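Reader: I should like to understand how the labels attached to a structural model are justified. Please set each value against its criterion.

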Amino acid sequence: MNLLFIGDVVGDAGCSFIEKKLYSIKKEYNVDVTIINGENSAQGNGITRESADRLLATGADIITTGNHAFRRREAAEIFERENILRPANYPDGCIGRGYGIYDFGRYQLAVVNLMGTVYMDALDNPFTTIENILCAIDTPNIIVDFHAEATSEKKSMGYFLSSKVTAVLGTHTHVQTSDETIINGHTGYITDAGMTGPENSVLGVSIENAVNKLRFKTPVKFTEASGPCVLNAVLLQIDTKLGICTKIDRLVLR
């Protein structure tokens, strides 16, 4: 199986760039399954019905999210869909689901959405959460989107899950890292897949807004940057009989 995982999509510009480029990417790399982190896909942040529909219509099979999952009022409706996930370590009783097992005919694929707790919201322990989830999954093909701030927490999760899952792919920081690897000859790993949105920006936000926030320490309304976009992603080759990642490559498309 060839799997494409696209980093955090930012706003209307990011969605539009996906709409323009995804078909050709899937064709060029013979992609079987596409996962997109869409937690910032709405204008401002969060995910809306409109932004989710755009990503799914363009070719996303599964959408993952993160700390902005519930920023919009229509969250309850959005997370009723089986192929849109929120972090699994939200407390019991939270709307939505943190993982799904999807049937693609020749194989099944489990996708787990987790969120870190270092410098993030105080959710349930992600390490304990994933341990419990793995007990309920009966396919060897398991992709984990670990939405976390601290690189140490992401690296720790990668090693913790080595040989237990197919891949641990970091999101949230919007900066693609160059540490893609296969841990113990089994688990594909990257600290952060990056983002899809305006390249001349601060994580997709207008440069002036971001600079003023840090320079003057006063409240600033962030707005989406304009200009040419970049798409950050990773491409995985997976042995679906064994659930092993045999190849992981970064993709940067401007």
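Author: The discussion below concerns a predicted model and takes up its aromatic contacts, its sheet, its cysteines and some backbone angles.

Reader: What makes the contact of Phe70 and Phe79 an aromatic pair, and why is the pair called tilted?

Author: The ring centres of Phe70 and Phe79 are 5.2 Å apart, and the criterion asks for centres within 6.5 Å, so the two rings count as a pair. Their planes make 55 degrees. Stacked would require under 30 degrees and edge-to-face over 60, so the pair is classed as tilted. The structure holds 4 aromatic pairs, and Phe70, Phe79 and Tyr90 form one aromatic cluster.

Reader: How do you know whether Phe70 and Phe79 are buried or exposed?

Author: Buried means under 20% relative accessible area and exposed means over 50%. Phe79, at 2%, therefore counts as buried. Phe70 has 27% and lies between the two limits, so Phe70 is partly exposed.

Reader: Why is the charged end of Lys164 said to sit over the ring of Phe160?

Author: The charged end of Lys164 is 4.2 Å from the centre of the Phe160 ring. The distance limit is 6 Å, and the direction must also fall within 35 degrees of the ring normal. The distance satisfies the first condition, and the contact is listed as a charge over a ring.

Reader: Turning to the sheet, what makes S5 and S9 edge strands?

Author: The open sheet has 6 strands in the order S5-S6-S7-S8-S10-S9, with mixed pairing. Strand S5 (99-103) and strand S9 (181-183) each have a single partner strand, so one side of each is left without a neighbour in the sheet. Neighbouring strands are turned by 25 degrees against each other on average, direction ignored.

Reader: How do you know that S10 is paired with S9 and with S8?

Author: Two strands pair if there are at least two bridges between them. S9 and S10 (residues 187-190) have 3 bridges in the antiparallel sense, and S8 and S10 have 3 bridges in the parallel sense, so both cases meet the requirement. On the S9 side, Thr181 stands opposite Tyr189 and Ile182 stands opposite Gly188. On the S8 side, Tyr189 is the bridge partner of Val168. S9 and S10 also form a hairpin with 3 residues between them, and Asn184 in the turn has a positive phi of about 55 degrees.

Reader: Which way do the residues of S10 point?

Author: Thr187 and Tyr189 point one way from S10, while Gly188 and Ile190 point the other way, and all are buried. Helix H5 (residues 151-160) packs on the sheet and touches S6, S7, strand S8 (167-171), S9 and S10. The direction of H5 makes about 170 degrees with that of S8.

Reader: How do you know that Cys229 is not in a disulfide?

Author: The closest cysteine sulfur to that of Cys229 is in Cys15, 10 Å away. A disulfide requires sulfur atoms within 2.5 Å, so the distance is too far for a bond. By this rule the structure has 0 disulfides. As for accessibility, Cys229 is buried because its 11% is under the 20% limit. Cys94 has 23% and therefore counts as partly exposed.

Reader: Why are Asn30 and Leu203 assigned to different accessibility classes?

Author: Asn30 has a relative accessible area of 52%, which is over 50%, so Asn30 is exposed. Leu203 has 42% and falls between the limits, so Leu203 is partly exposed. Asn30 lies in the loop between helix H1 (11-28) and strand S3 (33-37). Leu203 lies in the loop between strand S11 (195-198) and H6.

Reader: What makes their backbone angles worth listing?

Author: Asn30 has a positive phi of about 55 degrees although it is not a glycine. Leu203 is likewise not a glycine and has a positive phi of about 60 degrees.

Reader: Why is Val211 called partly exposed?

Author: Val211 has a relative accessible area of 41%, between the limits of 20% and 50%, so the label is partly exposed. Val211 is found in helix H6 (residues 207-216).

Technical notes:
Residues numbered from 1 in each chain as written. Predicted model: local features only at pLDDT ≥ 70, side-chain atom pairs only at ≥ 80, totals over all residues. Heavy atoms only, no water. Phe/Tyr/Trp six-rings, centres within 6.5 Å; stacked < 30°, edge-to-face > 60°. Buried < 20%, exposed > 50% of the residue type's maximum accessible area, 1.4 Å probe, protein only. Helix = DSSP H or I, 4+ residues; strand = E, 2+ residues; numbered from the N terminus. Axes fitted to C-alpha atoms, helices over the stretch in contact; angles between N-to-C directions. Contact = heavy atoms within 4.5 Å.
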